[in-house]
Amino acid sequence: CRGRSMLLKASAVESGTPAGKRKRQPIDVEVCWGSILSGGASVCEVVPPKGGAFREKFCARCRQRGVLVPVTRVRVPVGTAELSNQRTAGVWNSPSRAVPWPDYRIINQTADCTGPILVILRNECSVRLPKLAPLPDLPAITSLPWPPPGFIAFRVSRTLVPMTPLPWSFVVEAERVAAAATGAGTQQYGSGTGPPASSPPDDGFA
């Protein structure tokens with residue numbers, strides 16, 4: 001017995017593991033969804049793999065400070081039917097016959113959200129996409145000290161929610177800007193969809 005104990009200790013010293021203790025297996029980790037959605041603009045921590053809730057896909061830093069997304073990758077859907085994210089394990093929805101947009105994520109779409117539904121594109125896109133309009137360049141977003149110029153900050157909840165609420169007038173304004181840029185009538189994008197009758201009034205951003 002004594003000889004066997006000596007052998008175990010010698011083996012432990014060689015392997016760098018204390019006698020009587022098992023070497024811990026490395027823990028698999030996942031990339032924070034905030035880093036993926038922001039395109040690397042958000043400085044994120046490592047997130048242990050978890051299932052279930054949307055917010056669990058984000059690191060503590062993103063849940064506390066928010067997720068930064070370039071304005072150029074955010075769109076307003078106009079004249080569309082009800083939208084929802086595909087049931088996949090990943091961040092992005094893939095193009096389909098019904099929604100032919102490049103990889104995207106629908107946000108600000110749950111019942112407790114205010115303002116219009118928004119779409120984050122995975123990559124910058126200079127091509128005009130059907131029934132998607134760029135965000136209008138309004139001072140209500142771009143003149144604030146936070147987020148940095150050219151970005152929108154989103155709070156992590158059941159979905160991503162703009163930290164500065166966007167008014168329903170953004171839908172009409174985005175449609176008008178897109179129509180002016182393309183030289184097409186507003187019917188190209190839809191009919192200027194506004195808030196449902198039960199929606200709260202404008203948030204003061206005209």
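Trainee: In which loop does glycine 39 lie, and is glycine 39 buried or exposed?

Mentor: In this predicted model, glycine 39 belongs to the loop that runs between helix H2 (33–38) and helix H3 (60–65). Its relative accessible area is 63%, and because exposed stands for values over 50%, glycine 39 counts as exposed.

Trainee: How far apart in space are glycine 39 and proline 70, C-alpha to C-alpha?

Mentor: Along the sequence, 31 residues separate glycine 39 from proline 70. In space, taken from C-alpha to C-alpha, the distance between glycine 39 and proline 70 is 8.5 Å.

Trainee: Which residue of E6 is the bridge partner of proline 70?

Mentor: Strand E1 (residues 67–70) pairs with strand E6 (residues 151–156) in the antiparallel sense, over four bridges. Within that pairing of E1 and E6, the partner of proline 70 is phenylalanine 151.

Trainee: And which residue of E7 is the bridge partner of phenylalanine 154?

Mentor: E6 also runs antiparallel to strand E7 (residues 160–162), to which three bridges join it. A hairpin of three residues leads from E6 to E7, and across these strands the bridge partner of phenylalanine 154 is proline 162.

Trainee: Which residues have the most contacts inside the largest nonpolar core?

Mentor: In soluble globular proteins, nonpolar side chains tend to be buried together. Here the largest nonpolar core has 28 residues, and H2, E1, strand E2 (74–77), strand E4 (118–121), E6 and helix H5 (169–182) each supply at least two of them. Apart from this core lies another, of nine residues, including Trp101 and Leu129. In the largest core, the residues with the most contacts are Phe58, Leu118, Leu135, Phe154 and Leu160.

Trainee: Which residues does leucine 135 touch, not counting residues up to four places away in sequence?

Mentor: Leucine 135 is one of the residues with the most contacts inside the largest core. With residues up to four places away in sequence left out, leucine 135 touches Val71, Val74, Val76, Leu118, Ile152, Leu166 and Phe170.

Trainee: Which side chain of opposite charge is nearest to arginine 73?

Mentor: Arginine 73 sits in the loop between E1 and E2, and it is buried yet has no salt bridge. Leaving aside neighbours within four places in sequence, its contacts include Ser38, Gly39, Trp92 and Glu124, while a polar atom of its side chain lies 3.4 Å from the backbone oxygen of serine 38. Since a salt bridge needs a side-chain nitrogen within 4 Å of a carboxyl oxygen, the distance of 5.5 Å is too long for one, and the nearest side chain of opposite charge is that of glutamate 124.

Note on methods. Residues numbered from 1 in each chain as written. Predicted model: local features only at pLDDT ≥ 70, side-chain atom pairs only at ≥ 80, totals over all residues. Heavy atoms only, no water. Pairing = 2+ DSSP bridges. Helix = DSSP H or I, 4+ residues; strand = E, 2+ residues; numbered from the N terminus. Buried < 20%, exposed > 50% of the residue type's maximum accessible area, 1.4 Å probe, protein only. Core = buried A, V, L, I, M, F, W, Y, C linked by side-chain atoms within 4.5 Å. Contact = heavy atoms within 4.5 Å. Lys, Arg positive; Asp, Glu negative; His and termini not counted. Polar contact = N/O pair within 3.5 Å; in protein donor to acceptor, adjacent residues only side chain to side chain.
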